[in-house]
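Visitor: I should like to take a close look at a single part of this protein. Please describe one helix together with what packs around it, and say how far the model may be trusted.

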Amino acid sequence: MRALPWRAVWRPRTEADIQAGIDNGIVRETASFDAKQALPPPGRNKDLAKDICAMTVDGGSLVYGLGGDDRTRPDMRKPFDLAGAAERIDQVTQTGIAEPPVIEVHDIPSEEKPGSGYLCVIVPASPRAPHMLTIDADNRYWGRGATGNRILTEGEVARLYERRERWAVDRDQMLARTIDALPFTFDLSAVGAVVTVTRPVMPGRELLRVAAGDQPVDQFLQHELLRVARESDPFPDRHSSGLGTAFRIAQSGADLWVCSQHEDLDPSAEYQDRGEIRADGVLTYWHSPVLSSFGRDQGPPMFMMEGAVTSAVFQAIAVAAWLYERARFHGPVDIGIAALGIEAAAAAARAKSHMPAPVFGAPDYRRHDHVTAEELRSGLDDLVRRLLAPLFEVISVRDYDPLGGRTVDRTRDRRGRLEPADVRRTRLIG
């Protein structure tokens, strides 16, 4: 396995995974991992909050249900009663840390001891770090050392605040830079375009190569990533296009791969798909057309094909979610979408229902969001709805659901993604 350029987060999913971690020497205390035999006693909630607080700086995982003579190298499984455990972790996180960070709490049932099990707490690196421990008026910032928690120095706290501000500025500029880099030269007002960009906030230079494993990156993209894109089509019966139709893979420089439909296609051509995937995990997808005249004479009104916009956005984000899971990236993710050239566009759903069709009235629509890699995996539908709802509220029919009529949830069921029930608690901030 390639060495990970960010702090790897060990995420066991089964009791067998835990035993394999013990057998392979993975289960040992590091800057990104800690193991406990059980949750602290009820009067020691501060210890629980401190462990979570410390992990927020660079990310990591805590596994409860492991013990042994050496607490830094537990070598025995100790499944325990999970009743109320996840709820306690959530409550302590929300009330004992300012501001409450994002966490994921996963139950791992024991096959050998039914009714008992283990807890895996994933603490993604927080863009809002440092987080203050407030229980018992501690009011200090904690981080991780090689073998345990430590108090952050004044200089470290200052640098983390600078990092927080830098990431916030980068997020605001990310979508604007992507739109400025539009690779198409046709008249946007005639056919429109949609762009989606997904970026790990704390990337590693080799994220894509880690996801590819032992495969050459171009083969990995051709045989696996594009397959995932096709399987992620939210409307498979409509033969809609998206990243899965960009069959040609070409490397551009050392750290960029381009997915497109045709070789050397004229950038003025109005029917185009172009995906760009960087080695650090940034995925950008441009798609056109998203407007149609429905056979009318040229000129307004043009109609936005809501399904085309939704499919393009959904496939691109679903692929990013899968890619980050392959690379074992659990950190924060920035997402931006834009629909371009839509000022005179009305909605196809209104046209087909013979309702009055108001036009959008602005040159473009832009939205960005900040989520966790887990939300990409387990909350993709809600995320896409949230990103597109303000657009469709202006021009489409009342209560329009961009994912209405879906028959298969391919992003989780067909590729074995985590079921939503597997994540007992996920809190999102900022």
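**Helix α8 and its surroundings**

Guide: Among the elements of the protein, strand β22 (residues 423-426) has the lowest mean pLDDT, 37, while strand β9 (residues 132-133) has the highest, 96. Over residues 407-430 the pLDDT is below 50, although this stretch has 75 contacts in the model beyond near neighbours in sequence. Residues 1-6 likewise have pLDDT below 50, with 19 such contacts. Where pLDDT is low, the predicted coordinates should not be read in detail. The model is a predicted one; the mean pLDDT of the protein is 84, and 87% of its residues reach 70 or more.

The part chosen here is helix α8, residues 306-326. One of its helical partners is α11 (residues 380-395); the two pack at an angle of about 145 degrees, and their axes are 10 Å apart. The crossing in which α8 passes α11 is right-handed. On the α8 side the contact is made by Glu-306, Val-309, Thr-310, Val-313, Phe-314, Ile-317 and Ala-318. Helix α11 contributes Leu-380, Asp-381, Leu-383, Val-384, Leu-387, Leu-388 and Phe-392. By class, these residues comprise 11 nonpolar, 1 polar and 2 charged.

Helix α7 (residues 217-231) also packs with α8, at an angle of about 130 degrees and with the axes 8 Å apart. That angle makes α7 oblique to α8. Here too the crossing is right-handed, with α7 passing α8. From α7 the contact involves Phe-220, Glu-224, Leu-225, Val-228, Ala-229 and Arg-230, and from α8 it involves Gln-315, Val-319, Trp-322, Leu-323 and Arg-326. This contact of α7 with α8 divides into 7 nonpolar, 1 polar and 3 charged residues.

Helix α8 also meets a sheet. It lies across β12, β15 (272-278), β16 (283-288) and β19, and runs at about 15 degrees to β12. These strands belong to an open sheet of 7 strands, in the order β13-β14-β15-β16-β12-β19-β21, with antiparallel pairing. Strands β13 (248-251) and β21 (364-372) stand at the edges with a single partner strand each, so one side of each has no neighbour in the sheet. On average, neighbouring strands of this sheet are turned by 15 degrees against each other, direction ignored. Within the sheet, β12 (residues 193-200) and β19 (residues 332-340) pair in the antiparallel sense over 8 bridges. In this pairing, Val-195 has Ala-338 of β19 as its bridge partner.

Definitions and conventions. Residues numbered from 1 in each chain as written. Predicted model: local features only at pLDDT ≥ 70, side-chain atom pairs only at ≥ 80, totals over all residues. Heavy atoms only, no water. Axes fitted to C-alpha atoms, helices over the stretch in contact; angles between N-to-C directions. Helix = DSSP H or I, 4+ residues; strand = E, 2+ residues; numbered from the N terminus. Left-handed = near helix turned anticlockwise from the far one by under 90°. Contact = heavy atoms within 4.5 Å. Nonpolar A, V, L, I, M, F, W, Y, C, P; charged D, E, K, R; others polar. Parallel < 35°, antiparallel > 145°, perpendicular 65-115°, else oblique. Pairing = 2+ DSSP bridges. pLDDT = per-residue confidence, 0-100.
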